[in-house]
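Subject: Structure for you to look at

Hello,

Here is the structure I promised to pass on. Please open it first, then read my notes below.

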Amino acid sequence: MHAALTGPAIHIFDMHRKQEIVVKDFTSYPSEFPFKDPSCLTRPGYSAAEIEKMHQEDLADEARITAEITAPAVTRSQSAQMASKQPLIQAPLQLPIVDLSPVIEMLPPPAEAPHQTFISSRDRVLDTPMASLLELDLARALLNSGYPIILPPAYAAFPQLKDLAPATGPMVVVGYKVQKLSTTKAALWVRFTSPCEYAGKTVQMYPKSLEPKKGPACGADFSLLRAISASNPQATTLRDLGINSSSSAALTSTLLRHFCSMQKPRDSMTAAFDDNGTRDELDTELHLDFPVLPPQQSAFDGPLNFENMKEKHKQALDAAIDQLQKQATQLACTLHPTAHVPFRLSCKTLDTSYVHRHSSPSLLASIRSVLLAPVLPTQTALPSDDDNGPLQESGPHGYSRSTPDPKHRGVAMNHALSPLWLLAEKAEMDGLIKRQVWKAVKRSSLTPEDHIFATRFHYKIKRKNGAFERCKVRLVVQGQHMKKKDASGSGDFEDSFSSVPHASGLRLMLALATQHNMFTDHVDISQAFVQGDLLPGDGYNGKVYISAPPGYPEDPEICYLLQKPLYGMPSAARAWHKTMSGFLHTQGCTKVGYEESMWMATSNGHQILLAAHIDDFIISCAHRPTLDAFRDALLARFDGTTDGAIQTYLGCEIERDMSIGTTTLSQKHYAEDILRTYGFWGSLPLATMLPPHTRLSKDDCDPTPERAFHLRYRGIVGSLGYLVNMTRPDLAFAYSELSKYVQHPGKSHMAAAEHTLRYLRGTFDKSLRFSRDCPIVDTPWGWVDSDWAGDTDTRRSHAAYIIMMNGGPISWKSRRQDSVALSTSEAEYMAASEVGKEILYLRAILRDVGYAQTAPTNIYEDNLACIAMSTNPVRRKSSRHIDIRVHFCRELYAAGVMKLIPLRTHLMVADALTKSLPGPVLKQHREVMLGHTPFFARLLH
């Protein structure tokens, strides 16, 4: 908005928070300010004398330039003639005295030139006869001006109004949405503001065109232009109606005042008026939901306009204001006392001087009282944040969905949420002190080999379903300075590995819970790492020392000896996992399959399934009392909370309907955040994830990409990766292609990434679905496919597979193969071996949880040669060069683990994970792979 008058600060209006903020700290996050030279924000200002001097220099330069431009031209013959008339005796050469004062009248008169006046496009529209305007321009002008249009009584026969009761007063409409129908035709959606029985009703009307001949109106003229001509016969242009052009500054000022008013109590609306009850800034953009119109149309020469208001209209205006005030008073009884409702004033270009000359003080008081009264909430959409659509804001003052996490304590304390950050810091420290995580020791007691590690606070805004949940603070150790112990035993930790369940295992667990109608609860362990036990190899001689965090000054002679693992230590996660696993073992839990973080237990004859991702637990059981007892035992051992039935997990929204037996997983809020972050929330959606039948190439790479360009590309690809990993298999191919160029992206790669974001804009709310009514129960099956030599850089093939169970996908992969395949059958055979590994992993989990697979897992394949090689050693000359590890597929077939089933190519769903398909085909395969459409196979024969 503007720079601060004192000190290095700037005033910015945050469209998300709808408030003005002052930014002082530029050096901590310069990338957030789009200046090529960020130092310009911290340069010292100029004094008043220096500014005046610069203005004088600018005026002198303008005068000199004007003199040069307007001076008459001298030809070569004229210059020769002037030279011949020079005197023989010349005075000594003297420097000319230049007068810097801009005295324009002393300059030579300018040459005559045709006078040209610049006319803006907006003024051209205002001064062009309405009958000559394009219908789209007329519709936009009526929409932007908010001009109230009085419909003639004959418009009661309008087809969309025939079913309503006859109007008891004048019919007044205001535009709220423009719809472009063609290059020459448009429609304006209008909302009735009068009479009361029509208020709020919306209809579509044409600004100039007749109604369709084949429609209900049979080509009748119910256009807005005809209505305007009936109420204003002398008006031919928009300016004649009192619609004036407002500058961009006035429009911006109005929007800012409107946004600011949304955060203030109702009586603070007086800020927009002076002591006399008049507007402190004239503009044409602030409206009131109730039109200030006379009870009888005949009392006015035209629509209400304070510029041409006459004394004879005063009584009718007073009556209209009294009626409006009564309606507002009645509505106030239905609103909360502290509720605030945005308002709009239907008066245009309020001329305060004219009001003072032709109105009484009582009229001004009436207008003021009406404007300060509560009114009906407007139905039109509020201004959106740029082109990214309206935001649903909820949370404390100063919060918005765009609010970033503070990077350090200095930013947090200067943040609008600083009171919440202080409370979160205190809660974190109280919890650590309660659990006796450390004890104070004197620094003098330490040996030279002991290290003292610094600590800091980590700040995170926790959101649930995209809405604000709480401010979370963690005390972390600066573990990046810790070193792994070498062979001699020198270092700070021995091992840092800690397993978490694969996303495939979590989805398999939810598929089983859906099929068997299991209750599924979510448990969150509070400060999980500090509830573990230190590992024997942590620190020097088993001791780790830390210093106090910023904001908590302590005695410089004191440090702290850790008695529990702390966040930031490389071995903290491993220590917690060992402590947790030991407890679960005492509860009779056994690990399932090849997973170290998934367990199964049996209690009172009921099966319990358990998965833990660090401190987030999912517990499933078909018997509610058994599940509650196990959950209570877990929370008795470890401090934590439970939210009951699971709703969110690892950033995924989970919705379960146990009555019909369905479970859906989505990341729509995360996808929305991605689109808003990179400015594609308001973009036009596309039907394909990448341009069909195209491949990216390293020939388009930029060996030295710009830093901002490089970070943006890596950010987009990384964000898409989490979507692919959890809920969006349809994006797997695009993510695989884009990932190959994260080191040296070029412009074509960025264009492809943005193409994917536009596809995500149209599918951001897509979800995968498990269902209990699936004909194949607790049995995995899937598709496998490859695109032979699809990579144009290496000529390697692209392989992909999808595995389904209980109606939804539980595992998928799309990646380039590790070696070159010499034929399509070889590429398909190598892909089948990859899916075989995943089948073994899933069958092991199902076996240990009590759903052992007795029949081979069916995998659909569209290559007959590949199927033949998987069952028998045929085509030896063509396959003997294949690596022996690839023949793992044949061993799985012989062991009854996997069987390839022939399928027609156009039904191969995995084909969408190997190449970019056209929109209709991609949509068909996407609905099947996400579990929304059942799959009916048509086998090869």
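Two strands pair if DSSP finds at least two bridges between them. The model is a predicted one.

The sheet

By that rule, strands β16 (residues 598–603) and β17 (residues 606–613) pair: they run antiparallel and are joined by 6 bridges. One of the residues involved is A601, whose bridge partner in β17 is I608.

Both strands belong to an open sheet of 6 strands. The order is β15-β16-β17-β18-β12-β19, with antiparallel pairing. At the edges stand β15 (590–591) and β19 (640–645). Each has a single partner strand, so one side of each lacks a neighbour in the sheet.

Helix α12 (residues 503–515) packs on this sheet. It touches β12 (519–525), β16, β17 and β18 (616–621). The direction of α12 makes about 150 degrees with that of β17. Helix α14 (residues 624–637) also packs on the sheet, touching β12, β16, β17, β18 and β19. Its direction makes about 5 degrees with that of β12.

A helix pair

The axes of α19 (residues 824–848) and α20 (residues 864–871) come within 8 Å and cross at roughly 55 degrees. That makes α19 oblique to α20. The crossing is right-handed. From α19, S825, E826, E828, Y829 and A832 meet A865, C866, M869 and S870 of α20. By class, this contact has 5 nonpolar, 2 polar and 2 charged residues.

A loop residue

T237 is in the loop between α5 (224–231) and α6 (248–262). Buried or exposed? T237 counts as buried, because its relative accessibility is 10% and the cut-off is under 20%. Beyond its neighbours within four places in sequence, T237 is in contact with L126, D127, T128, P129 and M130.

Best wishes

How values were computed. Residues numbered from 1 in each chain as written. Predicted model: local features only at pLDDT ≥ 70, side-chain atom pairs only at ≥ 80, totals over all residues. Heavy atoms only, no water. Helix = DSSP H or I, 4+ residues; strand = E, 2+ residues; numbered from the N terminus. Buried < 20%, exposed > 50% of the residue type's maximum accessible area, 1.4 Å probe, protein only. Contact = heavy atoms within 4.5 Å. Axes fitted to C-alpha atoms, helices over the stretch in contact; angles between N-to-C directions. Parallel < 35°, antiparallel > 145°, perpendicular 65-115°, else oblique. Left-handed = near helix turned anticlockwise from the far one by under 90°. Nonpolar A, V, L, I, M, F, W, Y, C, P; charged D, E, K, R; others polar.
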